[in-house]
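User: I'd like to learn how to read a model like this one, feature by feature. Can you walk me through it?

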Amino acid sequence: ASSYVGFDSITDQIKHRLVKRGFQFNVMVVGQTGLGKSTMINTIFASHLIDSKGRFEADEPIRQTTEIVTNSHVITENGVKLRLNIVDTPGYGDQINNEGCWDPIVKYIKDQHSLYLRKELTAMRDKYILDTRIHCCLYFINPTGHGLRPVDVIVMKKLSEVVNVVPVIAKADSLTMDERLKFKKRIREELAYHSIKLFPFQSDEYDEDEEKENQMIRDMIPFAVVGSERNVILDGKSVRGRKNRWGVINIEDDKHCEFVYLRNFLTRTHLQDLIETTAQLHYEAFRSKQLLALKD
Ligand code: GDP
Ligand code: MG
């Protein structure tokens, strides 16, 4: 028994430090103006954002984003701190000529990698570096029911080379359940056809359970979601939802839409993997390219 070294407790120490310091999680939203990006963010993190800042009042005027803006929030649940950065991008794809509309977004993502690398090269090795790297990019697809637009294909392709892209069908309530299923399948086929590789990636670092969960996500993508910042009455109960010409939607009911799957994926099952994949895959690719260039 005297040979016990005790390094197993190091995981507790790491956990404790991580919990105290908090997770930094940076989410970006991309897509056409009016697709419900701001609404979706407020729906996912709603009560917290309202609590923490008192903005996002229900009758706040329509917010149109004209430049890349970051909103920071700190959420605490059961002693675990989550530092959340929401990065909102200007709507694009509204013009006839969308050439280069993705450039500022891709540049922003690379700039954060560059910032991190500079800090990493100058800071003490064990010092905490503020992380602004984007861990997840929610890509909003128009609910046309037909397929991806050429601009969607190009932008997702460009983005997927530098960040974890998670596609969602915006305003899924404008499609019937049958239309949604067909649209989802069609989009998955187009993504495969254009070799657009999305998170979660194939990797032998996942164990069997993780791989099962990842496959579930791959089969479900794009999430067909509905967002709402208001409550509606359904069967006498007040629920987060929307009214449309077909009836009342409870967005938290998985028979109505896939909002709960997206929220679960983002804030629970894949939160840590999104952060780790950003560091180990996207940032690492950027970093080794930069360091190689320095050598020449
Ligand atoms: P953004 O420009 O992408 O940020 O879009 P907003 O979040 O500002 O939403 C634009 C409009 O669409 C607002 O009037 C929202 O109430 C509405 N909206 C947002 N999400 C949904 C949705 O899931 N379904 C429907 N039908 N309308 C939505
Ligand atoms: Mg917006």
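Analyst: We'll go through the ligand site, some backbone geometry, a helix and a few buried residues. This is a predicted model, in which local features need pLDDT of at least 70, side-chain atom pairs count only at pLDDT 80 or more, and totals for chains, interfaces and linings use all residues. Residues are numbered from 1 along each chain as its sequence is written, chains are lettered from A and ligands numbered from 1 in the order in which they are written, and side-chain values use heavy atoms, with hydrogens and water left out.

User: Let's start with the ligand. Which residues come nearest to ligand 1?

Analyst: A residue is near a molecule if one of its heavy atoms lies within 4 Å of it. Here 14 residues surround ligand 1, and Gly34, Lys37, Thr39, Asp173 and Gly227 come nearest. Helix α2 (residues 37-44) gives the largest share of that shell, three residues; helices here are DSSP runs of H or I, at least four residues long, strands are E runs of at least two, and both are numbered from the N terminus.

User: How does the shell divide into nonpolar, polar and charged residues?

Analyst: Count Ala, Val, Leu, Ile, Met, Phe, Trp, Tyr, Cys and Pro as nonpolar, Asp, Glu, Lys and Arg as charged, and the others, Gly among them, as polar. On that scheme the shell has two nonpolar, seven polar and five charged residues.

User: And what polar atoms lie 2.9 Å from an oxygen atom of ligand 1?

Analyst: Look for polar contacts, pairs of N or O atoms within 3.5 Å; within protein, one must be able to donate a hydrogen and the other to accept it, and residues adjacent in sequence count only if both atoms are side-chain atoms. A polar backbone atom of Lys37 sits 2.9 Å from a ligand 1 oxygen, and an N or O atom in the Ser38 side chain is also 2.9 Å from an oxygen of ligand 1. The protein buries 79% of the 590 Å² that ligand 1 exposes when taken alone, with areas from the Shrake-Rupley method and a 1.4 Å probe.

User: Now the backbone. Where should I look for odd torsions?

Analyst: Most residues other than glycine have a negative phi, and most peptide bonds are trans. In this model the bond from Phe199 to Pro200 is cis, omega near -5 degrees, and Pro200 falls in the loop between α6 (177-193) and α7 (208-220). The Ile221 to Pro222 bond is cis too, with omega near -5 degrees; Pro222 is in the loop between α7 and β6 (223-224).

User: Where does Asp235 sit, and is it buried or exposed?

Analyst: Buried means under 20% relative accessible area, exposed over 50%, and partly exposed in between (1.4 Å probe, protein chains only). Asp235 lies in the loop between β7 (231-234) and β8 (237-244), has a positive phi near 50 degrees, and is exposed at 75%. Lys171 also has a positive phi, about 45 degrees, and is partly exposed at 40%.

User: Where does α9 bend?

Analyst: Compare axes fitted to the seven residues ending at a position and the seven starting there; the angle between them is the bend. For α9 (residues 271-295) that gives about 40 degrees at Glu284. Buried residues in α9 include Leu271, His282 and Phe286.

User: What does the buried His270 contact?

Analyst: His270, in the loop between α8 (259-269) and α9, is buried at 2%, and its side chain makes a 2.8 Å polar contact with that of Asn214.
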